[in-house]
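Please keep the model open in your viewer and follow the stops below in order. Each stop names what to select and then says what is found there.

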Amino acid sequence: MKGVVFTEFLDMVADRFSADMVDDIIDDAQLPSGGAYTAVGTYPHSEMVALASALSRRSSLSLRDLLLAFGEHLFGRFVVAYPAFFTGQHDALSFLAGIEDIIHAEVRKLYPEAELPRFVVESRSTDSLTLIYASGRHFEDLAEGLMRGCFRHFGEAIDLQRACLGEGDARTERFVLRRLPTA
Ligand code: HEM
């Protein structure tokens, strides 16, 4: 997993908890890398799970809630770090419909070693989008947080429902997104 994801995670922990919490979870997690991340480095994704689990133990928050919050935060950081991906993008569902073929395709060019999930558009209408997420890394909660960050960025009210389609080596999850009528 790219170092940028780790540095953003630790920045969020410093902001929302404290610098001491960052040190504590790095100690607890017993990381092969020692926790000294650079944005351009690549580290085992298991270190992210270990850090988030350590934070969950030390805070009263579940791993799911932490990954959701981190996903929302991370999307906001992507908006700042990768402005070119947002040029000409006006709504969340169109943006998310292009996650595989446009956004992550560009990410793959920038970081050939990136371990990205696979997203398939199962169906699409003006006001809805069904995406299937598949990844051996089981970051479906992070995916939900990123989607919620995307809704917030575009200022849209969108209902999100999820269903697990398969566990095992690769986790498969269906996300059904529906734009809510505006009052
Ligand atoms: C401008 C927007 C985005 C950028 C620049 C971006 C970039 C990245 C990068 C750099 C990684 C790390 C890859 C690695 O560590 O090797 C990643 C992982 C991931 N991205 Fe994106 N991403 C964006 C939007 C999204 C959105 C909107 C979603 C959800 C629909 C998403 C879902 C994920 C997930 C779930 C992972 C974790 C890896 C996994 O599950 O296997 N990303 N992305």
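## A loop residue to begin with

Select glutamine 30, which is found in the loop between helix 2 (19–29) and helix 3 (45–58). Because this is a predicted model, what follows describes computed geometry. Glutamine 30 is not a glycine, and yet its phi is positive, at about 45°. With a relative accessibility of 68%, glutamine 30 counts as exposed, the cut-off for that class being over 50%.

Go on to histidine 138, in the loop between strand 2 and helix 7. Here again the backbone has a positive phi, of about 55°, although histidine 138 is not a glycine. Its relative accessibility of 31% places histidine 138 in the partly exposed class.

## The ligand and its surroundings

Now select the ligand, and display the residues around it. Which cavity holds the ligand? The ligand sits in the largest cavity. The elements that contribute two or more residues to the shell around it are helix 4 (63–81), helix 6 (99–110), strand 2 (128–135) and helix 7 (140–154). Colouring these elements separately will help, and helix 6 deserves its own colour, since it supplies the largest share of the shell, namely four residues.

How many residues surround the ligand, and which are the closest? The ligand is surrounded by 25 residues, and the closest are Lys2, His104, Glu115, Tyr133 and Ser135. Sorted by class, the shell consists of 20 nonpolar, two polar and three charged residues.

Three distances are worth displaying in turn.

- At glutamate 115, select the backbone: one of its polar atoms is 2.6 Å from an oxygen atom of the ligand.
- At tyrosine 133, select the side chain, where an N or O atom is 2.6 Å from an oxygen atom of the ligand.
- At serine 135, select the side chain as well, where an N or O atom lies 2.6 Å from an oxygen atom of the ligand.

## Aromatic pairs

Hide the ligand for a moment and show the aromatic side chains; the structure holds 11 aromatic pairs. Select phenylalanine 75 and phenylalanine 86, whose rings form an edge-to-face pair with 5.7 Å from centre to centre and 90° between the planes. This pair links distant parts of the chain, with phenylalanine 75 in helix 4 and phenylalanine 86 in the loop between helix 4 and helix 5 (92–97), 11 residues apart. Are these two residues buried or exposed? Both phenylalanine 75 and phenylalanine 86 are buried.

Next, select phenylalanine 95 and phenylalanine 154, whose ring centres are 5.9 Å apart and whose planes stand at 50°, so that the pair is classed as tilted. Because phenylalanine 95 lies in helix 5 and phenylalanine 154 in helix 7, this pair ties together parts that are 59 residues apart in sequence. Phenylalanine 95, at 3% relative accessibility, counts as buried, and phenylalanine 154 is buried with a relative accessible area of 15%. With the four residues shown together, you are looking at one aromatic cluster, formed by Phe75, Phe86, Phe95 and Phe154.

## A buried glutamate

Move along the chain to glutamate 156, in the loop between helix 7 and strand 3 (158–166). Why does glutamate 156 count as buried? Its relative accessible area is 19%, and buried means under 20%. Two contacts can be drawn from its side chain: the side chain of glutamate 156 reaches the backbone nitrogen of alanine 92 at 2.6 Å, and it also makes a polar contact, at 3.0 Å, with the side chain of arginine 179.

## Two spacings to finish

Select leucine 63, whose place is in helix 4, and which counts as partly exposed at 32% relative accessibility. Add valine 49 to the selection: leucine 63 and valine 49 are 14 residues apart in sequence, and their C-alpha atoms are 8.9 Å apart in space.

Finally, select cysteine 150 in helix 7, a residue that is buried, with a relative accessible area of 0%. Together with leucine 74 it gives the last distance of the tour, for the C-alpha atoms of cysteine 150 and leucine 74 are separated by 9.9 Å, while the two residues are 76 residues apart along the chain.

Terms used: Residues numbered from 1 in each chain as written. Predicted model: local features only at pLDDT ≥ 70, side-chain atom pairs only at ≥ 80, totals over all residues. Heavy atoms only, no water. Near = heavy atom within 4 Å. Polar contact = N/O pair within 3.5 Å; in protein donor to acceptor, adjacent residues only side chain to side chain. 1 Å grid on protein atoms, 1.4 Å probe; cavity = no way out; pocket = protein on both sides within 12 Å on 5 of 7 lines; lining within 4 Å. Sits in = over half its atoms within 2 Å of the grid points. Nonpolar A, V, L, I, M, F, W, Y, C, P; charged D, E, K, R; others polar. Phe/Tyr/Trp six-rings, centres within 6.5 Å; stacked < 30°, edge-to-face > 60°. Buried < 20%, exposed > 50% of the residue type's maximum accessible area, 1.4 Å probe, protein only.
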